[in-house]
Amino acid sequence: MPWRCSAVTCTTWTPAATARRPLLQWTREIPIAGEPGDTAALMAAGWAHLRRSPVPKLLVHAAPGVVVTSAKVEQCRAELPALTTVRIDAPGHFLPAEAPEAVAAALSGWLRTFDE
């Protein structure tokens, strides 16, 4: 079955293939079972740092989540200090492209909490 895009994907965000290449490379480097090893090591080190850091953090995630699953969101809530999570009920897997207004609202709302 050929791939079919949604109206959102096809009418509001259709960059050339070369512009999508970094996103493709990113997905190829998501560590699965410790591979690729260099990326897995970098992510483990980053995770360790985030667990120690008191710096405020924002996790914007989709429901349902593809890369950031519900289990991963719960792990982040349990392990990361000063974390705010925002769930966006949107289909798809790349929120900045598929729900840009919701992502902007989540970020703006979170940033406003520092003005109080």
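This report walks through the fold, the largest pocket and a few individual residues of a predicted model.

**Overall fold**

Let's start with the chain as a whole. Its secondary structure consists of six helices and two strands, and along the sequence these elements follow the order α-α-α-β-α-β-α-α. Of the 116 residues in the chain, 18% are buried. The exposed surface comes to about 8,300 Å², with 63% of it supplied by carbon and sulfur atoms. If you look at contacts between residues at least 6 apart in sequence, 65% of them join residues at least 24 apart.

**The largest pocket**

For anyone thinking about cavities and grids, here is the pocket. The largest pocket has a volume of about 900 Å³, and 32 residues line it. Nearest its centre lie Trp26, Leu59, Val67, Val68 and Lys72. Several elements contribute to this lining: helix H3 (37-52), strand S1 (57-62), helix H4 (70-79) and helix H5 (95-98) each provide at least two residues. Sorted by class, the lining holds 22 nonpolar, seven polar and three charged residues.

**Two buried helix residues**

Helices H3 and H5, both contributors to the pocket lining, each offer a residue to look at in detail. Thr39 sits in helix H3. Its relative accessible area is 13%, so Thr39 counts as buried, the cut-off being under 20%. Leaving aside residues up to four places away in sequence, Thr39 touches Glu29 and Pro31.

Leu95 belongs to helix H5 and is buried as well, with a relative accessible area of 10%. Which residues does Leu95 touch, not counting those up to four places away in sequence? They are Val60, His61, Ala62, Ile88, Ala90, Pro100 and Val103. One of these partners, His61, is 34 residues from Leu95 along the chain, and the C-alpha atoms of the two are separated by 7.8 Å.

**An aromatic pair**

The structure holds one aromatic pair. Trp110 and Phe114 form it, in an edge-to-face arrangement with 5.0 Å from centre to centre and 90° between the planes. The angle earns that label because planes over 60 degrees apart count as edge-to-face. How does the cover of the two partners compare, buried or partly exposed? Trp110 counts as buried at 15% relative accessibility, whereas Phe114 is partly exposed, with a relative accessible area of 45%.

**Backbone details in the loops**

The loops hold some backbone features that you may want to check before setting up a calculation. Two peptide bonds are cis. One joins Glu35 and Pro36, with omega about 0°; Pro36 is in the loop between helix H2 (17-28) and H3. Another joins Ala63 and Pro64, again with omega about 0°, and Pro64 lies in the loop between S1 and H4.

Positive phi values also turn up at two alanines, listed here with their surroundings.

| Residue | Phi | Loop | Relative accessible area |
|---|---|---|---|
| Ala33 | about 55° | between H2 and H3 | 80%, exposed |
| Ala82 | near 60° | between H4 and strand S2 (83-88) | 39%, partly exposed |

Neither residue is a glycine. Ala33 shares its loop, the one between H2 and H3, with Pro36. With a relative accessible area of 80%, Ala33 is exposed because it lies over the 50% cut-off; Ala82, at 39%, is partly exposed.

Conventions: Residues numbered from 1 in each chain as written. Predicted model: local features only at pLDDT ≥ 70, side-chain atom pairs only at ≥ 80, totals over all residues. Heavy atoms only, no water. Helix = DSSP H or I, 4+ residues; strand = E, 2+ residues; numbered from the N terminus. Buried < 20%, exposed > 50% of the residue type's maximum accessible area, 1.4 Å probe, protein only. Contact = heavy atoms within 4.5 Å. Areas by Shrake-Rupley, 256 points an atom, 1.4 Å probe, with all protein chains shown as cover. 1 Å grid on protein atoms, 1.4 Å probe; cavity = no way out; pocket = protein on both sides within 12 Å on 5 of 7 lines; lining within 4 Å. Points joined across faces, edges and corners; volume = space filled by probe spheres on them. Nonpolar A, V, L, I, M, F, W, Y, C, P; charged D, E, K, R; others polar. Phe/Tyr/Trp six-rings, centres within 6.5 Å; stacked < 30°, edge-to-face > 60°.
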